[in-house]
Amino acid sequence: MTYYAVGLPEVWSAMHSVSALQSYIGQVAALNGLLESIYTTAGDPVADVQGAFQVEDTTLVDGTPLDVLRECQWTWVCAPPPLGPDIHANSNGYGVIAQAFEEQLP
């Protein structure tokens, strides 16, 4: 699987800069590209979790980029203690991840 970008909310909170987000997204996309290359070379299908989490969509929704909203909706990273902040997916996020895997099943 590719990965969602767990640091998006932190980058946005620190800088409120779409260009800073895009720089971070570029790093995540590079890692995911490497993983996809390795898996594809091995003949394995790849669940596109990066795409499912809309990591590259920085469209502002009420002043917050959509990809940041997705990370906050589908992980515990924006949750207050004691549940967060935690980079792992919540129930909704695991559902999105499972769907990305399901799309790769024959």
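Five helices and 4 strands make up the secondary structure of this chain, and the model you're looking at is a predicted one. Going along the sequence, those elements come in the order α-α-α-β-β-α-β-β-α. The chain has 106 residues and a radius of gyration of 14 Å, which agrees with the value near 13 Å for a compact globule of that length. Below is a quick tour: the overall fold, then the two helices α1 and α5, then a pair of residues around α3, and finally some backbone oddities in the loops.

**The chain as a whole**

- Laid along its principal axes, the C-alpha trace spans about 40 × 30 × 20 Å.
- Buried residues come to 38% of the 106 in the chain.
- If you take the contacts with a separation of 6 or more, 54% of them are between residues 24 or more positions apart.
- About 6200 Å² of the chain is exposed, and 57% of that comes from carbon and sulfur atoms.

**Helix α1 (residues 8-15)**

- Leu8, Pro9, Val11 and Trp12 are the buried residues to look for in α1. Viewed down the helix axis, the buried residues of α1 sit within an arc of 165°, so they line one face of the helix.
- That buried side of α1 packs against α2 (18-41), β1, β2 and α4.
- Turn to the face pointing away from the buried side and you'll find Glu10, Ser13 and Ala14, which are exposed.
- Just after α1 comes His16, and its phi is positive, near 45°.

**Helix α5 (residues 91-102)**

- With 12 residues, α5 reaches 16 Å from its first C-alpha to its last, close to the 16 Å expected at 1.5 Å a residue.
- Gly93, Val96, Ile97 and Ala100 are buried here. Down the axis of α5, these buried residues fall within an arc of 95°, so they line one face of the helix.
- The cover over those buried residues includes α3 (49-52), α4 (66-74) and β4 (86-89).
- Ser91, Asn92 and Glu102, on the other side of α5, are exposed.
- There's also a polar detail at the start of the helix: a side-chain oxygen of Asn90 comes to within 3.1 Å of the backbone nitrogen of Asn92.

**Gln50 and Glu56, a contacting pair**

- Gln50 is part of helix α3, while Glu56 belongs to the loop between α3 and β1 (60-61).
- Their surroundings are worth comparing. Gln50 has 10% relative accessibility and so counts as buried, whereas Glu56 is exposed, with a relative accessible area of 52%.
- Setting aside neighbours within four places in sequence, Gln50 is in contact with Thr2, Tyr3, Val28, Ala29, Asn32, Val55 and Glu56.
- On the same basis, Glu56 is in contact with Ile25, Ala29, Gln50 and Asp67. Ala29 therefore turns up on the contact lists of both Gln50 and Glu56.
- Glu56 and Ala5 are 51 residues apart along the chain, yet 9.3 Å separates their C-alpha atoms.

**Cis peptide bonds**

- The bond from Pro81 to Pro82 is cis, with omega near 10°. Pro82 is found in the loop between β3 (75-76) and β4.
- Another cis peptide bond joins Gly84 and Pro85, with omega at about -10°. Pro85 also lies in the loop between β3 and β4.

**Positive phi in the loops**

- Gln54 isn't a glycine, but its phi is positive, near 55°. You'll find Gln54 in the loop between α3 and β1, and its 28% relative accessibility makes it partly exposed.
- Asp62 isn't a glycine either, and it has a positive phi of about 50°. Asp62 sits in the loop between β1 and β2 (64-65), where its relative accessibility of 81% counts as exposed.

Methods
Residues numbered from 1 in each chain as written. Predicted model: local features only at pLDDT ≥ 70, side-chain atom pairs only at ≥ 80, totals over all residues. Heavy atoms only, no water. Helix = DSSP H or I, 4+ residues; strand = E, 2+ residues; numbered from the N terminus. Expected span 1.5 Å × (residues − 1). Buried < 20%, exposed > 50% of the residue type's maximum accessible area, 1.4 Å probe, protein only. Arc of directions from axis to C-beta. Contact = heavy atoms within 4.5 Å. Polar contact = N/O pair within 3.5 Å; in protein donor to acceptor, adjacent residues only side chain to side chain. Rg over C-alpha atoms; globule rule 2.2 N^0.38 Å. Areas by Shrake-Rupley, 256 points an atom, 1.4 Å probe, with all protein chains shown as cover.
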